[in-house]
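Visitor: Please take me through this model feature by feature. I would like the general idea each time, then the case at hand.

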There are 2 protein chains.
Amino acid sequence: MEKIVRQSILFDFYGELLTEHQKNIYRDIVFDDMSYSEIADLEGISRQGVYDLIKRCDRILEEYEEKLKLVEKFQNTKGMVANIQTLAKELKESNSNKALADKIDAIVQTSNAILEEY
Amino acid sequence: MEKIVRQSILFDFYGELLTEHQKNIYRDIVFDDMSYSEIADLEGISRQGVYDLIKRCDRILEEYEEKLKLVEKFQNTKGMVANIQTLAKELKESNSNKALADKIDAIVQTSNAILEEY
């Protein structure tokens with residue numbers, strides 16, 4: 001997984017366990033694509049300080065995941081829901097019975113809603 | 001939700017963030033249905049000490065949920081998967097097309113697998 005994708009998922013799950021200061025700077029880097037130098041200027045700290053803070057946050061977030069494995073659990077579920085969605089779309093294509101169509105559509109839509117949650 | 005059900009779900013999600021000592025005693029109470037007095041004897045602490053420890057663990061686990069809301073998120077997902085399962089079972093009952101049957105069964109089974117994960 002690309003590093004920034006991993007960082008954003010971990011932050012979505014465990015970000016609230018960081019301090020406000022850590023959250024702000026982590027967000028600037030991971031979601032707002034700011035450079036270390038820009039943040040250093042903005043926060044009045046050194047570029048190395050920003051780098052160290054991001055490293056520390058990465059480690060904190062990874063440690064939570066190591067203990068709780070909730071990202072892993074969610075992703076397993078998501079994979080299974082994606083399978084359901086594929087099956088439902090295939091059903092939709094091969095079904096010609098109007099009485100079944102609404103239920104098949106509802107399965108496709110519900111699986112969509114779950115997958116969009118992540 | 002019954003208190004002990006809530007405690008066991010919160011422990012499943014965030015229990016690894018407690019200390020070993022807290023985890024052991026919390027498990028004894030929540031999963032092994034031991035009494036405060038039994039644990040007090042076993043651990044060589046007072047009954048009040050056990051009570052306080054459980055209270056403290058309850059608070060710690062609730063605080064994690066307040067911040068992260070991952071139990072809530074999982075339960076929403078679970079509710080939607082239960083809807084999918086109901087729809088798939090209804091499809092199964094009203095379907096007479098053999099070509100669709102395997103896919104419907106696979107949806108029922110996959111939704112089962114997700115619901116049993118929790």
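Visitor: By what turn and shift can chain A be laid on chain B?

Guide: Copies are superposed by least squares on the C-alpha atoms of residues with pLDDT of at least 70 in both. Here a turn of 180° with a shift of 0.0 Å along the axis lays chain A on chain B, at an RMSD of 0.0 Å. That is the relation of a two-fold axis. The same surface serves both copies, as 100% of the contact residues of chain A recur in chain B.

Visitor: What should I know about the model and its labels?

Guide: The model is predicted: local features need pLDDT of at least 70 and side-chain atom pairs count only at pLDDT 80 or more, while totals for chains, interfaces and linings use all residues. Residues are numbered from 1 along each chain as its sequence is written, and chains are lettered from A and ligands numbered from 1 in the order in which they are written.

Visitor: How many residues does the contact take from each chain?

Guide: Two residues are in contact if their C-beta atoms, placed from the backbone, lie within 7 Å. Chain A gives 29 residues and chain B gives 29 residues. On the side of chain A that touches chain B, the elements giving two or more residues are α1, α4, α5 (70–94) and α6 (98–117) of chain A. Helices are DSSP runs of H or I with at least four residues, numbered from the N terminus. The largest share, 11 residues, comes from α6(A).

Visitor: How far does α4(A) reach?

Guide: The expected span of a helix is 1.5 Å times one less than its number of residues. With 22 residues, α4(A) reaches 32 Å from its first C-alpha to its last, close to the 32 Å expected.

Visitor: Which residues of α4(A) are buried?

Guide: A residue is buried if 20 or more other C-beta atoms lie within 10 Å of its own, exposed if 12 or fewer, and partly exposed in between, with C-beta atoms placed from the backbone. In α4(A), the buried residues are A:V50, A:L53, A:C57, A:L61, A:Y64 and A:L68. They cover an arc (taken from the directions from the helix axis to the C-beta atoms) of only 65°, which puts them on the same side of α4(A). The face turned away from that side carries exposed residues, A:K55 and A:R59 among them.

Visitor: What do the buried residues of α4(A) pack against?

Guide: They pack against α1, α2, α3 and α5 of chain A, together with α1 (3–14) of chain B.
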